[in-house]
Amino acid sequence: CAPQQPRAWRGRPLASRPEQESGSSRSLVLSRCGNVCFLTAAEQHSGTMVKTWCSRPLHGCALTLAFLLTVWFPAAEAALSMTYEHNKQLAPEVTVYWSIVGDEILLALEAQATGWVGFGLAEVGGMKGADIVYFEAASNTLTDALAVSNGKPRVDECSQDWTLRASQLADSMISVEMSRKLDTADSEDRTFSLDGALPLQATHVIAAWGNEAKVSYHGMNRVKGAIRFHAG
């Protein structure tokens, strides 16, 4: 019998992986006739079909598909350059990673945004008075700042204490890695104080993100929370 495509796929490619470097893309379509699967694969270059082939009938659709997707579409490499000891998802759109090494904190942010992401140590969870660092992907710059009001943070006038270690913008996700002294002795910075366990209080934090090239009003793209940076 002629292979009939299952309702879930409706003849569309099951998956595809664009290859930015070569301008080509690959797609797979799996169809079925009874208990027999038929795999059709195609490769395009600059929108023109250059290669198409179809396998012999394949038995065991689920196992076949799992194997082919593993080979054809390898898992993406981790965006961060190192493994961090701790992490916390503040919102579905933003995750914080950190490790404390000696008198320094190594901190990373991942945010579903294409423009910028900001992170701050807050007084009680609000923006005013928060010690903020923000990253702008277009210029690949990291800025140490202070929120003197509920508006755009002011650049730290004392010193720039955060060091940019690595950054990446891929698949609408910003990944930025940085480091700083736990205590900078800067009057416009907050200290990463001991907060490991009760009765010590967790550190209040805030974060915001956006798709604009420069830091701007975040709207609903904001979150607040609490982190125990010194938790063992």
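## A buried acid and its salt-bridge partners

At 13% relative accessibility, Glu 188 counts as buried. Keep in mind as you look around that this is a predicted model. The side chain of Glu 188 meets that of Arg 154 in a salt bridge, with 3.2 Å from N to O. Arg 154 belongs to strand S12 (residues 154-155), while Glu 188 sits in the loop between S14 and strand S15 (203-210), so this pair ties together parts that are 34 residues apart in sequence. Unlike its partner, Arg 154 is partly exposed, because its relative accessibility is 26%, and Glu 188 falls under the 20% limit for buried residues. A further acid takes part here: Glu 157 joins Arg 154 and Glu 188 in a network of salt bridges.

## Two salt bridges that reach strand S14

The structure holds six salt bridges, and two of them bring us to neighbours in sequence on strand S14. Start with Asp 131 and Arg 180, whose side chains meet at 3.1 Å, N to O. Asp 131 is in strand S10 (residues 131-136) and Arg 180 in strand S14, which puts the partners 49 residues apart. Is this pair buried or exposed? Asp 131 is buried, with a relative accessible area of 4%, and Arg 180 is buried as well, at 1%.

Now move to Lys 181, which forms a salt bridge with Asp 103 at 2.9 Å, N to O. Here the link spans 78 residues, from the loop between S7 and S8, where Asp 103 lies, to Lys 181 in strand S14 (residues 173-181). Asp 103 counts as partly exposed at 44% relative accessibility, and Lys 181 is partly exposed too, with a relative accessible area of 37%.

## An open sheet of five strands

Strand S14 also has a place in an open sheet of five strands, which follow the order S6-S7-S8-S14-S13 with antiparallel pairing. Which strands stand at the edges? They are S6 and strand S13 (163-170); each has a single partner strand, so one side of each is left without a neighbour in the sheet. On average, neighbouring strands of this sheet are turned by 15° against each other, direction ignored.

Within the sheet, S7 and strand S8 (residues 104-111) run antiparallel and are joined by eight bridges. For a concrete example, find Val 94: its bridge partner in S8 is Ala 111.

## Aromatic pairs around strand S7

How many aromatic pairs are there? The count comes to four. One of them is Tyr 84 with Tyr 97, a tilted pair with 6.3 Å centre to centre and 45° between the planes. Tyr 84 lies in the loop between helix H1 (61-72) and strand S6 (86-91), and Tyr 97 in strand S7 (residues 94-101), so the pair ties together parts that are 13 residues apart in sequence. Both tyrosines, Tyr 84 and Tyr 97, are buried.

Another is the edge-to-face pair of Trp 98 and Phe 229, at 5.2 Å centre to centre and 65° between the planes. This pair links strand S7, home of Trp 98, to the segment after strand S16 (222-227), home of Phe 229, across 131 residues. Trp 98 and Phe 229 are both buried. Together with Trp 162 and Phe 192, they form one aromatic cluster.

## Where to read with care

The chain averages a pLDDT of 79, and 66% of the residues score at least 70. Residues 2-24 have a pLDDT below 50; beyond near neighbours in sequence, this stretch has 52 contacts in the model. The pLDDT is also below 50 over residues 73-77, where the model has eight such contacts.

Technical notes:
Residues numbered from 1 in each chain as written. Predicted model: local features only at pLDDT ≥ 70, side-chain atom pairs only at ≥ 80, totals over all residues. Heavy atoms only, no water. pLDDT = per-residue confidence, 0-100. Contact = heavy atoms within 4.5 Å. Phe/Tyr/Trp six-rings, centres within 6.5 Å; stacked < 30°, edge-to-face > 60°. Helix = DSSP H or I, 4+ residues; strand = E, 2+ residues; numbered from the N terminus. Buried < 20%, exposed > 50% of the residue type's maximum accessible area, 1.4 Å probe, protein only. Pairing = 2+ DSSP bridges. Axes fitted to C-alpha atoms, helices over the stretch in contact; angles between N-to-C directions. Salt bridge = Lys/Arg side-chain N within 4 Å of Asp/Glu carboxyl O.
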